[in-house]
Amino acid sequence: MSKERVSRRQFLNYTLTGVGGFMAAGVLMPMLRFAIDPVLAAEGKGNFHATKQKVDDLTETPTRVDFTYEQKDAWYTSNVTQTAWVYKTKNGDIVALSPICKHLGCTVNWNANKSHPNMFFCPCHGGLYHKNGKNVPGTPPTKPLDVYPVKVKDGYLYLGKPKANNLV
Ligand code: FES
């Protein structure tokens, strides 16, 4: 018989450590999963949001399209409303521009200044943009309006996350 026998105290220590560890893992794993779940969940979702705009109704004149979607920030869910100025080019391509002025972030409007017809006008400091979003030199904005990636599904317009303007 071996001299290295496990004492009663050692046996209890090993047993309690093992059982305690097992129970701790059982408690901690769901907590850990809960903690990182929103981060993991945000990954796989599509980035396009549905609008109520029928593509067939779009013309060559920019139309204001408001759309709302649910946004999840970690554990907080809220409804976000965004706006796009959307029109069709002569070729039938759909252009969707962000209304956020590249100067200080005010909202631009189409054809809103009688002195500068058929342009996007920012009322805050008189910023001007051409129809394709290009900023007019000599006015405060120094960059073109961002563009939304677009998709059409079942005849309706879907918009993605705005990105730098690639039309100008
Ligand atoms: S915020 Fe638009 S011109 Fe200043």
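Let's start with an open sheet of three strands, arranged in the order S2-S3-S4 and paired in the antiparallel sense. S2 and S4 sit at the edges with a single partner strand each, so one side of each has no neighbour in the sheet. From one strand to the next, the twist averages 40°. Keep in mind as you look around that this is a predicted model.

How do strands in a sheet hold on to each other? They pair through backbone hydrogen bonds, and the pairing can be parallel or antiparallel.

Now zoom in on S3 and S4. Four bridges link these two strands, which pair in the antiparallel sense. You can pick out some of the partners yourself: Tyr87 stands opposite Val95 in S4, and Val86 has Ala96 as its bridge partner in S4. S3 and S4 form a hairpin with five residues between the strands, and Gly92 in that hairpin takes a positive phi near 95°.

On the other side of S3 in the sequence, have a look at the loop between strand S2 (63-73) and S3, where you'll find Ala74. Ala74 isn't a glycine, yet its phi is positive, near 55°. Is Ala74 buried or exposed? Ala74 counts as exposed, because it has 11 C-beta neighbours inside 10 Å and the cut-off for exposed is 12 or fewer.

Time to step back for a moment. The protein has one helix and nine strands, and along the sequence they follow the pattern α-β-β-β-β-β-β-β-β-β. In other words, the helix comes at the start of that pattern. Of the 168 residues in the protein, 18% are buried. If you take the contacts with a separation of 6 or more, 44% of them are between residues 24 or more positions apart.

Next stop: another open sheet. Three strands form it, in the order S5-S6-S7, and the pairing is antiparallel. The edge strands here are S5 (109-110) and S7 (127-129), and each of them pairs on one side only. Strand S6 (residues 120-122) is joined to S7 by three bridges, and one pair to look for is Cys122 with its bridge partner Gly127 in S7. The loop between S5 and S6 holds Asn118. Asn118 is not a glycine, but its phi is positive, at about 55°. Asn118 has 10 C-beta neighbours inside 10 Å, so it counts as exposed.

Let's move on to the strands at the two ends of the numbering. Strand S1 (residues 49-54) pairs with S9 in the antiparallel sense over three bridges, and His49 stands opposite Leu159 in S9. S9 also pairs with strand S8 (residues 150-153), again in the antiparallel sense, over four bridges. There, Val152 stands opposite Leu157 in S9. S8 and S9 form a hairpin with two residues between them, and Asp154 in the turn has a positive phi of about 50°.

So far we've followed the backbone, but what about the side chains? In soluble globular proteins, nonpolar side chains tend to be buried together. Here, the largest nonpolar core has 19 residues, and those with the most contacts inside it include Ala84, Val86, Phe120 and Leu159. The elements that give two or more residues to this core are strand S3 (76-88), strand S4 (94-97), S6, S7 and strand S9 (156-159).

Phe120 is a good place to see who meets whom. Leaving out its neighbours within four places in sequence, Phe120 is in contact with Trp85, Val108, Asn109, Trp110, Tyr129 and Leu145.

We'll finish with Tyr148, which lies in the loop between S7 and S8. Why does Tyr148 count as buried? It has 26 other C-beta atoms within 10 Å, and the cut-off for buried is 20 or more. Not counting residues up to four places away in sequence, Tyr148 touches Ala84, Ala96, Ser98, Leu159, Gly160 and Pro162. Also find Phe48: Tyr148 and Phe48 are 100 residues apart in sequence, and their C-alpha atoms are 9.6 Å apart in space.

Terms used:
Residues are numbered from 1 along each chain as its sequence is written. This is a predicted model: local features need pLDDT of at least 70, side-chain atom pairs count only at pLDDT 80 or more; totals for chains, interfaces and linings use all residues. Two strands pair if DSSP finds at least two bridges between them. Two residues are in contact if their C-beta atoms, placed from the backbone, lie within 7 Å. A nonpolar core is a set of buried Ala, Val, Leu, Ile, Met, Phe, Trp, Tyr and Cys residues joined through C-beta atoms within 7 Å. Axes are lines fitted to C-alpha atoms, for helices over the stretch in contact, and angles run from 0 to 180 degrees between N-to-C directions.
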